[in-house]
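Me: I would like a close look at one helix of this model and at what surrounds it. Please keep to plain terms.

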Amino acid sequence: MENKEFQFKGATLGGFPMLFANILLTLSSIALIVMGILQESNEVLMGVLIGIGVVLLVSTFFIWGGFVMLEPGEARVMMFFGKYKGTFTKVGYSWVNPFINTKKLSLRARNLDAEPIKVNDKTGNPVMIGLVLVWKLKDTYKAMFEIDSQTMAQSGTAQQNGVQIGTSVSNVMLAFENFVKTQSDAALRQVAGLYAYDNNESGNKELTLRDGADEINKQLEEKLDERLSMAGIEVVEARINYLAYAPEIAAVMLRRQQADAIISAREKIVEGAVSMVKMALDKLSSEDIVELDDDKKAAMVSNLLVVLCGDDSAQPVVNTGTLNH
C-alpha cells in the first residue's frame, strides 16, 4: 500500500533560543506597560507604551504554543487548520508555527500477549491457541487518518471525577493496541482453521499446528501485515506461544495420544525382537552349535518373542533332561 507519510518541511527554530527570546519579550512587554502607567502627565505616550506592551504580551502567548519536545521513538503529526503538513520527528526541543496543531504518537515497539482463544482446526477439533505479537507504528498518516483512532481513544478513556481524560498519547496508543488485538484474533482464527492440530488421524505428512511452527508463524505474520497495514502498523514479529486441545476434548485426545505412543512403542519392540530372534537362529546355524528341526525352531521363536515382547520379566525354567523331555 502507498505510504502517505512525509516529513514536515515547515520552518522550525531551536527551542532554547526561542525560549530565551520569548522570556525577554515577556519582560519587555511588562516593562513597557509599567512605563506607560507611570506616564500620567503624557496620555498619548502612556497609551502608546501600554498598547505596544499589551500587543507584545499577547504575542508571547502565541509563541508559547509553538514549543514542542520529542524524545527518541516519538513523532508528532502536524496539521494546519485540518490539513496534514507532515510528520515531525526531530528529537529535542524545538519551536514551530504556533498555529500548527500537533498530535504526539509513539513509534516504539510494543508487545501484545494475546489470551488464548478457542478455534476449530481443519478437522473440526476445538483447540486453544494464543500468540505473542511485537508491533509498532510505521505510517503516522494512516494511523491518524485511515482509522478512527481519535474517536476510539476518546470513547475508551475512563471517567475521573466525572471529567473525561481525552485523547492523550497513551489513550491513542491504547486504541491502536485494541485495534491490533481484534485484528490479531481474526488472523489467528483464519490461520488456525487452515491446519489440523496434528496428523495422527490422517497419517499423512501434511503441515500441522503442532509441528509446523516456523511456516505457520510466517503465514501468521503475512496475514497480520495484510490486516494492519491499513492502520500504518508494522508487524515486527508474531509467534504462536500457546497451543492445546480445548478442555472438553483434552482428556479424550490425551488417551488417543497415549494409545498411539503405546502402539508405536510396541511396533519398535516387535521389530527389535524379530531381528534378535533371526540373529540368534542364524548364529546357532552358522556356528553348528545345535541342529534344530522346524518344530524346535518354532518353539524357540515363540519363547524368545514372549521373553522379548513381554511387559514382565520372564521366569527361566532349567531343563535337566534332553531337548525332548
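What follows is a request about the helix α6 and a connected reply.

Me: Which residues of α6 are buried, what covers them, and which core does this helix help to build?

Reply: The model is a predicted one, and that applies to everything below.

Begin with the length of α6, which runs over residues 213-228. At 1.5 Å a residue, its 16 residues should span 22 Å, and the C-alpha atoms at its ends are 22 Å apart, so the expected and the found span agree.

Next come the two sides of the helix. Buried here means under 20% relative accessible area, and exposed means over 50%. The buried residues in α6 are Ile 216, Asn 217, Gln 219, Leu 220, Leu 224 and Leu 228. Around the helix axis they cover an arc of only 160°, which means that they lie on the same side of α6. Asp 214 and Glu 226, on the other side of α6, are exposed.

Now for the cover. The elements lying over the buried residues of α6 include β9, α5 and β12.

This leads to the nonpolar core. The largest such core has 38 residues, and Leu 220 is among those with the most contacts inside it, together with Leu 105, Leu 133, Trp 135, Leu 137, Phe 176 and Ile 233. At least two residues of this core come from each of β3 (74-80), β8 (117-120), β9 (126-137), α3 (140-145), α5 (169-192), α6 and β12 (233-245). The most is given by α5, with nine residues.

Leu 105 shows how this core is joined up. Apart from neighbours within four places in sequence, its contacts are Glu 74, Ala 75, Val 77, Leu 137, Thr 140, Met 144, Val 169, Val 172, Met 173 and Phe 176. A second core, separate from this one, has seven residues, including Val 68, Met 78, Phe 88 and Val 96.

One contributor to the largest core, β3, also belongs to a sheet. That sheet is open and has three strands in the order β4-β3-β6, with antiparallel pairing. Its edge strands are β4 (83-88) and β6 (100-106), each of which pairs on one side only. On average, neighbouring strands of the sheet are turned by 25° against each other, direction ignored. Between β3 and β4 there are five bridges in the antiparallel sense, and Arg 76 has Phe 88 in β4 as its bridge partner.

To return to the helix: its buried residues lie on the same side, with β9, α5 and β12 among the elements that cover them.

Notes:
Residues are numbered from 1 along each chain as its sequence is written. This is a predicted model: local features need pLDDT of at least 70, side-chain atom pairs count only at pLDDT 80 or more; totals for chains, interfaces and linings use all residues. Side-chain values use heavy atoms; hydrogens and water are left out. A nonpolar core is a set of buried Ala, Val, Leu, Ile, Met, Phe, Trp, Tyr and Cys residues joined through side-chain atoms within 4.5 Å. Buried means under 20% relative accessible area, exposed over 50%, partly exposed in between (1.4 Å probe, protein chains only). Helices (H or I, at least four residues) and strands (E, at least two) are DSSP runs, numbered from the N terminus. Contact means heavy atoms within 4.5 Å. The expected span of a helix is 1.5 Å times one less than its number of residues. The arc is that of the directions from the helix axis to the C-beta atoms. Two strands pair if DSSP finds at least two bridges between them. Axes are lines fitted to C-alpha atoms, for helices over the stretch in contact, and angles run from 0 to 180 degrees between N-to-C directions.
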